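Reader: I have a protein model open and do not know how to read its features. Where should I begin?

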Amino acid sequence: MPLSATAWSNIAGTDPLPGRNKKQKDRKAMLETDSPRRGAEEVVRFLSDHGHRHIFGLPGSSMVSILYELQGSTIEYVPAIHESVAVAMADGYARVAGSSITMLYLLHGVANGLANLYNAWRDESPVTVIASQQASHLRTPGWTIGEGDVVNLVRPYTRMAHELSAGAPVRRWMEAARRASTGPQPGPVLLSMPEDVLQDKAAAVPGRTSKHPRPVAPDMTRIADALAGASRPLIVVGGQLRRFGGSAAVERIAEKYEIAVAYESGFNDRLGVAPGHSHTIGNVGAHAMAAEKKADVVVMIGARSLNEAHPRSGWFDAANFVAQINNDPAKLEETVTADFSLAHDPGSAAEALEAALAERPVTPALLEARARYVEEIKLAPLFPAQQAIHSPYGPAVEALQGALDRGWLVDESVMGSVAFMHGLQSKDGSRYVSTTGAALGWGTGAAAGVALASGDPVTLVIGDGSLRFGALGLWSIRERNLPITIVVLDNGGYGSTRYYERAFLANLGEEAPFAKPSYNGSDFRATGSTVGGIIEGFGIACRKLGPADDPKSAVEAAWEQSHEGPNAIVIPMGFS
């Protein structure tokens with residue numbers, strides 16, 4: 001009796017009819033791909049296919065379909081107790097992992113998360129927001145509870161915002177959101193998904209997956225010519241340089257050609273070069289102001305022009321050539337006009353500049369003169385107004401000098417951030433994370449996201465005002481028992497507001513109708529809950545330092561204990 005094809009296959013371990021069976025398998029796979037699926041199932045498949053390990057959010061009735069489908073995957077749902085925290089966690093996570101997803105409930109949730117979505121937008125963070133929405137057939141101008149036009153609410157602060165209609169291919173829109181979020185000009189995106197889109201079955205429409213190769217190297221002739229002949233050159237870097245992979249090239253350029261490197265003015269979402277690099281001189285609006293005033297050639301790369309809360313005139317007055325390179329054309333020449341501007345990937349541009357400079361040798365005499373100049377400006381004293389702001393942070397900066405060598409540093413110290421940029425000593429600046437958006441209450445959630453994405457210990461340095469804004473993020477840190485050391489710089493309320501009110505009073509001079517500042521709403525030194533009490537209320541051990549305590553020893557002891565879970569230190573700043 002002849003053996004069947006199946007029997008032969010069992011004996012030989014081969015497919016007796018490979019052509020026919022392959023077609024059958026391909027047909028089966030195609031049917032499985034094209035068979036209708038619920039939108040929520042498509043969301044979870046998308047997350048799994050793209051390697052997401054976590055999704056953030058605050059649950060609600062219109063998104064239970066996704067929550068239900070998640071139990072069939074390996075993806076962890078990380079809950080928050082406020083939407084602003086969910087967005088901040090996703091933001092911090094994306095800065096480490098390269099992308100993230102957060103789910104927000106209807107209009108209320110999106111509105112609650114908007115401030116931290118703005119932070120993510122400022123820093124080009126690849127966060128995808130899934131917002132639940134009233135069912136398509138029940139949509140009105142906003143008459144039902146929680147219904148609203150979330151797309152137009154967030155449009156100014158997203159790379160893409162869209163509401164799916166009934167029967168829309170969810171997977172295709174998730175892929176489109178990913179392309180917009182992680183593409184050549186990254187940033188947050190939002191998809192508004194009505195309840196029926198998530199719960200009903202629709203055809204799964206396959207689509208192409210695009211790739212974004214690195215752009216061709218730009219022509220850096222004009223910038224290289226200017227730098228090669230400069231006596232007092234200055235490179236100003238922003239966080240975009242770090243995010244696009246150009247930091248190492250700029251560090252090599254600075255060292256080889258004796259060029260000072262400053263961080264862009266104000267807050268920096270990432271450190272474009274290492275704070276402990278031999279030619280790093282601090283923030284261009286503070287410790288590097290002497291270099292800013294003397295530079296004859298300035299190249300801003302991966303930086304805004306400039307990132308200022310109160311834009312001023314008179315930047316780079318001595319410079320005969322100013323150039324700016326930014327990946328986003330909208331961020332070119334925002335408050336300072338350049339002689340040459342280039343919309344290009346700053347990582348690719350930095351490498352092209354390095355190659356162009358190699359063709360333009362600099363004389364030993366000029367290199368020696370530049371080296372002396374760099375040492376001179378590194379020792380230049382702060383201007384008195386800057387000294388008044390930064391000197392109270394000295395002990396805390398000294399205590400955290402080595403933070404980047406043990407893990408990540410998430411910085412929401414606000415007025416203290418510039419002092420930390422100058423005082424950190426690590427030769428590796430890649431694990432510094434902050435935000436340029438200045439929407440307070442970001443740090444606690446962001447620290448949780450960074451810890452979850454990296455698996456590394458995290459130090460969160462945060463002002464007491466920022467901690468009060470983001471106090472609900474402490475719940476998420478404790479719920480996950482994350483290895484986060486929280487260092488609170490206690491200004492007794494909003495020290496920056498008090499500082500600016502004093503400056504306002506001084507400017508009024510004799511015309512001031514009142515002799516003293518009001519400090520209305522900014523002075524908590526004798527009122528309200530202490531920050532230590534707030535932290536302990538969330539079950540996190542907290543040590544409040546006194547005048548006789550050494551902040552450095554206290555921080556090191558807290559670091560030693562952080563593997564057991566979160567802990568906190570409160571350092572009184574003595575800020576008037």
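Author: We will take annotated spans, then a pair of helices, then a single residue. Keep in mind that this is a predicted model.

Reader: Which residues does the annotation "domain: Thiamine pyrophosphate enzyme central" cover?

Author: In UniProt, an unreviewed entry places that domain at residues 221-353. In the model, this span is 29% helix and 21% strand, and its end C-alpha atoms lie 8 Å apart. The unreviewed entry also lists "domain: Thiamine pyrophosphate enzyme TPP-binding" for residues 425-569. There the chain is 39% helix and 15% strand, with 21 Å between the end C-alpha atoms.

Reader: How do helix 10 and helix 14 cross?

Author: An angle between helix axes is described by the range it falls in, and angles from 65 to 115 degrees count as roughly perpendicular, under 35 as roughly parallel. Helix 10 (residues 221-229) and helix 14 (residues 346-358) have axes that cross at roughly 55 degrees and come within 9 Å. The two helices are therefore oblique to each other. The crossing of helix 10 past helix 14 is right-handed.

Reader: Which residues make the contact?

Author: Helix 10 contributes Ile223, Ala224, Leu227 and Ala228, while helix 14 contributes Leu353, Ala356 and Leu357. By class, that contact has 7 nonpolar residues, no polar and no charged ones.

Reader: Is Thr128 buried or exposed?

Author: A residue is buried when its relative accessible area is under 20%. Thr128 has 6% relative accessibility, so Thr128 counts as buried. Thr128 sits in strand 5 (residues 127-133). Beyond its neighbours within four places in sequence, Thr128 is in contact with Ser100, Ile101, Thr102, Ala177, Ser181 and Val189.

Notes. Residues numbered from 1 in each chain as written. Predicted model: local features only at pLDDT ≥ 70, side-chain atom pairs only at ≥ 80, totals over all residues. Heavy atoms only, no water. UniProt positions renumbered as here; feature names shortened; annotations may be inferred. Helix = DSSP H or I, 4+ residues; strand = E, 2+ residues; numbered from the N terminus. Axes fitted to C-alpha atoms, helices over the stretch in contact; angles between N-to-C directions. Parallel < 35°, antiparallel > 145°, perpendicular 65-115°, else oblique. Left-handed = near helix turned anticlockwise from the far one by under 90°. Contact = heavy atoms within 4.5 Å. Nonpolar A, V, L, I, M, F, W, Y, C, P; charged D, E, K, R; others polar. Buried < 20%, exposed > 50% of the residue type's maximum accessible area, 1.4 Å probe, protein only.
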